[in-house]
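Visitor: I would like a close look at one part of this model, please. Could you take me through the place where the two chains meet, and then follow one of the helices found there?

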Amino acid sequence: MEKNRIKADCLVKTFTRNEKKNKKIDINAVDGISLSIGEGEIVGILGPNGAGKTTLLRMMSKLMRPTSGMVSIQIGEKEITDDIEVKRHIGYLSNNTKLYGRLSSRELLRMLGVLYGMSKEDTEKKIEEISEILSMGSFIDNRIEKLSTGQTQRASIARCLVHDPQVYIFDEPTLGLDILSSAAIIDFMKKERGRGKTILYSTHYMEEAEYLCDRILMIHRGKIISEGAPEGLKAQTGKGNLRDVFAELIEKEGIADEH
Amino acid sequence: MSTKIIKTLVKKEMLDVFRDKKTVIMMLVIPVILYPLIFIGAMQVVAMISSSMEAQNYRIAVDAEDDGAFSRMLAEKGQKDDGSKASEAGGGRTEESGGAEEDADGENYTITLVDAGSITDYERALNDEEIDVYVSGAMQNGKMQYDIYYLSSATNSSYARNIVLDVFDEFKEELTEEKIRAAGLDVHEILEPVLYENKDTASSEQSLGSIMGAVLPFMLIISLMMGTMYPAIDTTAGERERGTLETILTLPVTSRQLIISKFLTVALIGIISALLNIFSMGGLAFYMYQIMDMQTETQSFEIAKFLPAILVCMLAVFAFSLFVSAVTMCVTSFARSYKEANNYITPLMLVIMLTGYIGFIPNIELTQTMAMIPVANICLLIKNMLIFKIDYTAIAVVLLSNVAYAVLAILFLSRIYDSESILFGDGKGGMQLFERRSNLQKGGVPTVSDVWFVVSLTIVLILYAGSMLQLKFGLAGVFGTQLLILFIPLFVVVYTKRDLCMTYGFRKTGIKNFLGGIFLIAGFIPINLVISVGLVSLLPDSAENVVTVFDELMSGNLLSVLFVIALAPAVCEEMMFRGMIFHAMKEKYRISTAIVIVAVLFGIYHMSLVKLIPTGLLGFVICYVAYRADSIYPAMLMHFLNNAFSVLISCCPEKMESVFPVLYRETLRFSDVMQLLGIGLILVGIGLVILQKGKIRGRENKMQKGIE
């Protein structure tokens with residue numbers, strides 16, 4: 001928590017939608033969000049569908065350019081803002097980051113090693129290590145299209161690990177997984193936090209967020225409506241669990257909007 | 001670093017593409033296995049056909065008042081053949097002295113003479129294929145007149161007719177010789193006063209090259225296109241469909257590196273498959289050549305002489321594969337799925353093939369301009385190389401222009417891959433026409449896809465039905481065409497529950513917008529006249545055509561002509577172009593883009609190369625006014641005035657000539673041009689100024705409404 005790792009300054013993303021009556025309407029999917037996350041911290045993003053979670057995470061991982069605002073990463077004394085350089089230090093995972101089905105996991109990881117500018121020896125060593133951690137030994141040489149859902153998810157995580165990034169950005173990593181697989185992912189995140197890694201992730205599972213996160217951001221209509229440790233949020237609203245906190249905040253926002 | 005990244009990415013793309021069955025089938029199985037199989041199969045079919053021909057017996061009936069002279073000749077011929085067949089069946093060539101006859105194709109046949117007396121109705125006999133040819137002959141003015149009846153739809157009858165004609169030639173010759181002899185003259189002297197012989201100065205390599213030049217370039221183009229098509233789809237639309245695009249974007253790789261590696265992969269696979277095709281076809285050609293060589297003594301070829309041609313062809317294949325890959329990828333990058341990409345690629349293939357055909361138009365030479373036209377230039381270059389017509393500048397221009405086009409396309413592509421709307425965009429503006437009608441929401445304007453569909457449907461219908469109506473019913477037919485233009489889009493608009501006022505721009509507008517429109521069109525007419533005359537002088541032949549068609553239509557009563565040619569289009573065409581198309585395009589694209597699309601479509605719709613630019617400009621000007629006025633009514637007025645003016649020029653030439661003598665001059669003098677342009681520009685300027693004022697008022701109205 002002492003040192004800032006990744007920082008976002010007043011991010012705005014505007015999409016232009018064609019609406020009826022010959023009008024083009026600008027929608028701010030993300031509307032001026034600033035945040036900074038320290039080393040060894042897990043931050044969870046909660047919010048209803050369409051709140052702007054995915055857009056925010058895509059901008060944080062430099063997949064999408066913000067309409068305004070800036071994302072930077074602190075490595076040592078250096079503050080990095082260049083898109084390509086920032087990507088080197090981020091491991092991004094979402095439901096849309098599918099793997100090349102016709103390659104094997106090992107081939108994929110080797111290719112990534114070259115693309116991240118790692119030496120051959122380092123890559124091979126890392127692959128062995130990852131294979132061990134995620135117990136991929138039995139299927140690492142099979143074509144990815146032939147793997148089961150859980151194996152595919154493990155291969156996806158392996159993809160984020162190869163370059164040993166300082167920051168993980170996960171967009172709903174446990175969505176649609178069984179208890180065992182999602183427990184493995186939660187376990188993995190906890191371990192990585194222990195190694196001083198920074199994790200920013202979005203989820204719909206409140207219990208999971210409550211259990212895992214050091215800090216929670218509630219997002220609604222592109223804005224942070226509440227922020228704090230799970231305990232603090234509960235105390236603030238006087239509710240017993242995060243689910244009720246969430247429901248209450250959204251309701252309040254809705255009423256505030258109508259006025 | 002960058003080359004290492006690109007190398008890795010290319011390796012990955014290659015692995016990815018090659019591990020797919022479809023690519024392997026397209027690349028290897030088709031050229032290496034399917035072509036030879038098809039070829040050998042085709043050869044066997046040909047052999048079967050020719051063997052079935054040999055056994056053919058033709059039945060011919062002759063009913064002539066020539067004492068049987070012609071029948072005897074026919075019988076003689078048929079008998080001789082019969083004899084030779086009997087004696088040398090299956091022996092190949094016949095070398096009997098006196099010569100059994102062979103027809104032009106070297107096939108044997110027999111003739112059975114059918115008794116003409118037994119045939120009562122020769123037409124029926126021919127139709128029932130009881131006989132193949134019926135010959136009747138009668139004396140007319142002291143000469144024998146033979147009529148040869150045959151059934152052109154029956155193959156046997158057609159062949160038999162050819163034989164009869166051959167016999168007639170001989171028959172005639174014999175009679176001629178007889179007459180000459182009877183007159184006591186030398187037959188040879190009279191019949192062959194001069195002797196001549198063909199001597200081909202083309203080397204045997206050149207004649208082979210010209211034959212290959214007719215086939216090879218097109219084969220190359222097709223095979224390259226087929227080879228690149230699949231990987232192009234796979235690496236762009238396929239990657240997006242499989243969801244790996246977002247993955248690769250998380251990597252520290254620039255979009256240019258990404259595009260270049262994809263492009264190199266596609267081009268490389270294209271080259272490989274083109275080379276496989278060439279080798280496969282070359283192997284077949286060599287095989288054929290060997291077989292022919294054994295059978296007949298043809299001239300020998302020196303393969304070495306083709307070496308420069310082969311080298312340049314290879315270079316051309318490389319350059320063309322760069323071009324085709326880049327262009328195909330530009331198209332497929334817009335697609336979100338395989339299916340969509342396939343839809344996009346079909347028209348592209350048609351365009352490429354059509355452009356390729358230019359290379360086969362006789363008399364088209366590889367000039368500097370032609371060398372710049374993609375596809376056609378490759379065809380022409382290969383053709384020229386094969387007949388040993390080597391022009392180094394042309395070679396350089398062709399190769400460089402292909403590479404330059406590829407580079408441009410790649411630059412464009414890397415811009416696309418940067419734009420997020422393509423990466424993360426949702427497929428908006430889809431077809432509503434085929435949705436369940438109850439699912440459609442009321443109001444709004446048609447989607448762009450709907451409009452494209454309607455426009456292509458209407459234009460195709462007009463192309464067929466419209467021109468037929470016009471030919472059959474003249475002016476009324478033109479009116480019918482206009483009704484098509486009105487009702488087809490209207491049906492779709494109503495069916496998809498669109499808002500009529502919004503779709504067509506039926507809105508009140510200030511008087512100044514009408515006035516501005518009038519000035520603008522009045523200024524536009526003389527300017528367009530200058531442009532049209534300039535264009536007509538470039539394409540003199542087609543211009544005459546246009547005038548004659550137009551004149552025929554104008555020959556009606558002035559009022560009805562005005563109604564059909566001026567008023568109906570002013571309403572119907574405006575509703576389609578400045579109404580539906582413009583408003584739909586405006587929703588999706590920027591205003592300037594929308595106006596240009598409308599103008600281009602309006603130009604194309606008139607389906608004439610000469611009128612393309614003038615009508616396109618007209619469409620542009622009218623569309624601009626419709627946009628400024630935010631209403632279709634001034635556009636209708638302008639369209640009416642423009643068309644009415646043309647009607648008056650054709651219908652009342654005397655009166656119009658006294659007012660505007662310049663319109664009827666054969667050629668425009670320089671002073672005329674300057675005058676017309678000057679007047680035109682002044683009027684256009686006034687029109688624009690008035691429009692500016694009108695617009696401000698319109699805006700004020702809107703603002704007031706907003707406040708209310």
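Guide: Happy to; we start at the interface and then follow one helix into its own chain. Please keep in mind that this is a predicted model.

Let's begin with the extent of the meeting. On one side, 39 residues of chain B take part, and they are in contact with 35 residues of chain A. Between them the two chains bury about 3400 Å², with 53% of that area on carbon and sulfur atoms.

There is plenty of polar detail for a biochemist too. Five salt bridges are found across the interface of chain B and chain A. In one that you can look up, the side chains of B:Arg19 and A:Glu107 pair at 2.6 Å, N to O. Polar contacts link 12 residue pairs across the interface. On chain B, the elements that each supply at least two residues to this side are α1 (2-18), α7 (204-242), α8 (245-249), α14 (420-424) and α20 (558-588). The most comes from α1(B), with eight residues. Sorted by class, chain B's side has 15 nonpolar, seven polar and 17 charged residues.

Now for α20(B), one of those contributors. Within chain B, its axis and that of α21 (residues 591-605) come within 9 Å and cross at roughly 145°, and the crossing is right-handed. Among the residues that meet here are B:Phe577, B:Ile581, B:Phe582 and B:Met585 from α20(B), and B:Ile595, B:Val598, B:Leu601 and B:Phe602 from α21(B). By class, this helix contact has 12 nonpolar, no polar and three charged residues.

Conventions:
Residues are numbered from 1 along each chain as its sequence is written. Chains are lettered from A and ligands numbered from 1 in the order in which they are written. This is a predicted model: local features need pLDDT of at least 70, side-chain atom pairs count only at pLDDT 80 or more; totals for chains, interfaces and linings use all residues. Side-chain values use heavy atoms; hydrogens and water are left out. Contact means heavy atoms within 4.5 Å. Buried area is the accessible area (1.4 Å probe) that two parts lose on being put together, summed over both. A salt bridge is a side-chain nitrogen of Lys or Arg within 4 Å of a carboxyl oxygen of Asp or Glu. A polar contact is a pair of N or O atoms within 3.5 Å; within protein, one must be able to donate a hydrogen and the other to accept it, and residues adjacent in sequence count only if both atoms are side-chain atoms. Helices (H or I, at least four residues) and strands (E, at least two) are DSSP runs, numbered from the N terminus. Ala, Val, Leu, Ile, Met, Phe, Trp, Tyr, Cys and Pro count as nonpolar, Asp, Glu, Lys and Arg as charged, and the others, Gly among them, as polar. Axes are lines fitted to C-alpha atoms, for helices over the stretch in contact, and angles run from 0 to 180 degrees between N-to-C directions. A crossing is left-handed if the near helix is turned anticlockwise from the far one by less than a right angle, and right-handed if clockwise.
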